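Let's take a friendly walk through a protein model, looking at charged pairs, aromatic rings and strands. Keep the picture at hand as you read.

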Amino acid sequence: MNTLTKETTQSPERPVEQRFIAPPVDIREEPEAFILVADMPGVDKRGITVRLDGTDLTVTGERTVDYPAGEELHRESARRSYRRTFEIAPEIDSARISARVADGVLTLVLPKAEAVKPRTIAVTD
Amino acid sequence: MNMKLMRIHKPEFWATSPMGALSSLQQEINRLFDVPFGGLARGGEFFHDWAPALDLVEDNDNLVAQLELPGVHKKDVEVSVHDGVLSVSGERKQESETKDEGCFRRERFHGRFNRAVTLPKPVKTDAIKASLKDGILTVTMPKTEEARPRQIEVNQD
């Protein structure tokens, strides 16, 4: 019985059949943090899930803007959810990761832990 | 500095659509041969061309086009319909703080884009509406009376 309950609760998290596309990303380093920017057109705040599992950071985006109804004459959009997993380094302070989304672009700020930030050491006499 | 600080773990893009990736590469190559000098003469710009995905659907009253324009601002988009062709052009500007320095993965496109599609039905050019929301541009083009399906009443003599 226990096993069954466990499986049932787990199954929505593991949509085996669902296929995803990986959003294109830019990653850059700043003195205080790493910045990850991902294109997820059609996704607003409600559609974004950012999940950290150990060192695996998974971003998932489900489209919230409606697709137009009617007969399809031409289609280039993938019509799939976005998902991509990144491995983050222990240098990143995972408790302070923040995310925001605007105009279909997700920006993640991954702050560096205090220990690895560049520091200026004062010279003493 | 250790470059493996944050590395891509599962490149699902390649895993899920190898054919898609291949066919877009194929298209690039085909285009390279179509315009032997046109593309390359513009100093590498060729490889940074951005052609946002475009969908076109038709319902009873409208033709509706949707384009994926993440990170594009309303003021940087131009929509026009001329001679039965819908054109959408514009620009995605680089975020102000972005510098090449310190950037170790760059997959997103920046710069100008241009898409055009021939409309299969005549539309009322003065009644076209365009809206941009969460990076999706929706252009609603009402069909002309002649292009709309009509119910013909059967008269009894």
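## A partly exposed partner

B:Glu107 is a good place to begin: with a relative accessible area of 26%, this residue is partly exposed. Keep in mind that you are looking at a predicted model.

The salt-bridge partner of B:Glu107 is A:Arg84, and their closest N and O atoms are 2.8 Å apart. Which parts of the structure does this pair connect? A:Arg84 belongs to strand β7 (residues 81–88) of chain A, while B:Glu107 sits in the loop between β6 and β7 of chain B, so the pair joins two chains. A:Arg84 itself counts as buried, because its relative accessibility is 7% and the limit for buried is under 20%.

## Another bridge across the chains

Now look at A:Asp39 and B:Arg108. Their side chains form a salt bridge, with 2.8 Å from N to O. A:Asp39 is part of strand β3 (residues 33–39) in chain A, and B:Arg108 is found in the loop between β6 (103–106) and β7 (111–118) of chain B, so this pair also joins two chains.

Are these two residues buried or exposed? A:Asp39 is buried at 6% relative accessibility, and B:Arg108 is buried too, with a relative accessible area of 5%. The two also take part in a network of salt bridges, which links A:Asp26, A:Asp39, B:Arg92 and B:Arg108.

## A bridge within chain B

How many salt bridges turn up in the whole structure? The search finds 22 over all chains. One of chain B's own pairs is B:Asp76 with B:Lys75, whose side chains meet at 3.7 Å, N to O.

The two partners of this pair make a nice contrast. B:Asp76 is buried, at 13% relative accessibility, whereas B:Lys75 is exposed, at 68%.

## Rings and charges

Next come the aromatic side chains. A pair of rings is described by the distance of the centres and the angle of the planes. Over all chains, the count of aromatic pairs comes to 1. The pair is B:Trp50 with B:Phe113: the ring centres are 5.1 Å apart and the planes stand at 75°, so the arrangement is edge-to-face. B:Trp50 is in the loop between α2 (18–34) and β2 (54–58) of chain B and B:Phe113 is in strand β7 of chain B, so the pair ties together parts that are 63 residues apart in sequence. Both B:Trp50 and B:Phe113 are buried.

B:Trp50 has a charged companion as well: B:Arg92 lies over the face of its ring, 5.0 Å from the ring centre. You met B:Arg92 earlier, as a member of the salt-bridge network. In chain A, A:Arg63 lies over the face of A:Tyr67, at 3.9 Å from the ring centre.

## A sheet made by two chains

Finally, find the open sheet of 5 strands. Its order is β6(A)-β2(B)-β3(B)-β9(B)-β8(B), and the pairing is antiparallel. Which strands stand at the edges? They are β6 (71–74) of chain A and β8 (129–133) of chain B; each has a single partner strand, so one side of each is left without a neighbour in the sheet. On average, neighbouring strands of this sheet are turned by 20° against each other, direction ignored.

For a closer look, follow β2(B) and β3(B). These strands run antiparallel and are joined by 5 bridges, with β3 covering residues 62–68 of chain B. As an example of bridge partners, B:Leu56 is matched with B:Ala65 in β3(B).

Key. Residues are numbered from 1 along each chain as its sequence is written. Chains are lettered from A and ligands numbered from 1 in the order in which they are written. This is a predicted model: local features need pLDDT of at least 70, side-chain atom pairs count only at pLDDT 80 or more; totals for chains, interfaces and linings use all residues. Side-chain values use heavy atoms; hydrogens and water are left out. A salt bridge is a side-chain nitrogen of Lys or Arg within 4 Å of a carboxyl oxygen of Asp or Glu. Helices (H or I, at least four residues) and strands (E, at least two) are DSSP runs, numbered from the N terminus. Buried means under 20% relative accessible area, exposed over 50%, partly exposed in between (1.4 Å probe, protein chains only). Rings of Phe, Tyr and Trp (its six-membered ring) pair if their centres lie within 6.5 Å; planes under 30 degrees apart count as stacked, over 60 as edge-to-face and the rest as tilted. A charge sits over a ring if NZ of Lys or CZ of Arg is within 6 Å of the ring centre and within 35 degrees of the ring normal. Two strands pair if DSSP finds at least two bridges between them. Axes are lines fitted to C-alpha atoms, for helices over the stretch in contact, and angles run from 0 to 180 degrees between N-to-C directions.
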